[in-house]
Amino acid sequence: QVQLVESGGGLVQAGGSLRLSCAASRRTVSTYSMGWFRQAPGKEREFVAGISWSGGTINYADSVKGRFTIARDNAKNTVYLQMNSLKPEDTAVYLCAATTSPTMYPWHYWGQGTQVTVSS
């Protein structure tokens, strides 16, 4: 079993930045693909960004391209999401996920989430 713990959420003004972190409980996640999803109230969970175990493959949702950057540090079993130029519509609970699938689907493990609120 893999446990994922997110941190770094908070309240920020539009145009500001936040960096989210996701720490994994097992070293084996260094061989997993990792990703970030978000879910706003009344909306379905949506994919934000994903990164392969080596960092060689990175995918972003169109809505965050050019503003968000995903990165990982396998030595620390941690994946990051740097969020810049934040908009009110980025407000959501952000969840970390992990998968053994190199195609980044399906996602097998989920964190509890961290709240990000962007004020206008």
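The following exercises, each with a worked solution, concern a predicted model of one protein chain.

**Exercise 1. Secondary structure**

Determine how many helices and how many strands the protein chain has, and in what order its elements run.

Solution. Begin by counting each kind of element: the protein chain has zero helices and eleven strands. Next, read the elements from the N terminus on; they run β-β-β-β-β-β-β-β-β-β-β.

**Exercise 2. Overall dimensions**

Decide whether the radius of gyration of the protein chain agrees or disagrees with that of a compact globule, and state what the C-alpha trace spans.

Solution. Start with the expected value: for 120 residues, a compact globule would have a radius of gyration near 14 Å. The protein chain has 13 Å, and therefore agrees with this expectation. Then consider the principal axes, along which the C-alpha trace spans about 40 × 25 × 25 Å.

**Exercise 3. Burial, contacts and surface**

Find what share of the residues is buried, what share of the contacts joins residues 24 or more positions apart, and what the exposed surface consists of.

Solution. First, 45% of the 120 residues count as buried. Second, take the contacts with a separation of 6 or more: residues 24 or more positions apart account for 56% of them. Third, the protein chain exposes about 6200 Å², of which carbon and sulfur atoms supply 49%. Finally, consider charge: there are 11 positive and 7 negative side chains, and the centres of these two sets lie 7 Å apart.

**Exercise 4. The largest nonpolar core**

Identify the residues with the most contacts inside the largest nonpolar core, and the elements that give two or more residues to it.

Solution. The largest nonpolar core has 30 residues. Inside it, the residues with the most contacts are Leu 4, Met 34, Trp 36, Leu 81, Met 83 and Tyr 94. The elements that give two or more residues to this core include strand 3 (18-24), strand 4 (33-39) and strand 5 (46-51). Further along the chain, strand 7 (68-73), strand 8 (78-83), strand 9 (92-99) and strand 11 (114-119) also do so.

**Exercise 5. Backbone geometry**

Name the residues joined by a cis peptide bond, and give the phi values of Ser 85 and Met 104.

Solution. Recall the general expectation: most residues other than glycine have a negative phi, and most peptide bonds are trans. Turn first to the peptide bond between Tyr 105 and Pro 106, which is cis, with omega about -5°. Pro 106 is found in the loop between strand 9 and strand 10. Met 104 is found in that loop, between strand 9 and strand 10, and has a positive phi near 60°. Ser 85, in the loop between strand 8 and strand 9, has a positive phi near 50°.

**Exercise 6. Classifying loop residues**

Classify Met 104, Ser 52, Ser 85, His 108 and Gly 15 as buried, partly exposed or exposed.

Solution. The cut-offs are under 20% relative accessible area for buried and over 50% for exposed, with partly exposed in between. Met 104 has 7% relative accessibility, so it is buried. Ser 52 has 8%, so it is buried as well. Ser 85, at 41%, is partly exposed, and His 108, at 39%, is also partly exposed. Gly 15, at 54%, is exposed.

**Exercise 7. Separation in sequence and in space**

Compare the sequence separation with the C-alpha distance for Gly 113 and Ser 7, and for Gly 15 and Tyr 105; then list the contacts of Gly 113, Gly 15 and Ser 52 beyond four places in sequence.

Solution. Gly 113 lies in the loop between strand 10 (109-110) and strand 11. Gly 113 and Ser 7 are 106 residues apart in sequence, yet their C-alpha atoms are 8.1 Å apart. Gly 15 lies in the loop between strand 2 (10-13) and strand 3. Its C-alpha atom is 32 Å from that of Tyr 105, with 90 residues of separation along the chain.

Now list the contacts, leaving aside residues up to four places away. Gly 113 touches Glu 6, Val 93, Tyr 94 and Leu 95. Gly 15 is in contact with Ser 85 and Leu 86. Ser 52, in the loop between strand 5 and strand 6 (58-60), is in contact with Tyr 32, Ser 33, Thr 57, Arg 72 and Met 104.

Notes
Residues numbered from 1 in each chain as written. Predicted model: local features only at pLDDT ≥ 70, side-chain atom pairs only at ≥ 80, totals over all residues. Heavy atoms only, no water. Helix = DSSP H or I, 4+ residues; strand = E, 2+ residues; numbered from the N terminus. Rg over C-alpha atoms; globule rule 2.2 N^0.38 Å. Buried < 20%, exposed > 50% of the residue type's maximum accessible area, 1.4 Å probe, protein only. Contact = heavy atoms within 4.5 Å. Areas by Shrake-Rupley, 256 points an atom, 1.4 Å probe, with all protein chains shown as cover. Lys, Arg positive; Asp, Glu negative; His and termini not counted. Charge placed at Lys NZ, Arg CZ, Asp CG, Glu CD. Core = buried A, V, L, I, M, F, W, Y, C linked by side-chain atoms within 4.5 Å.
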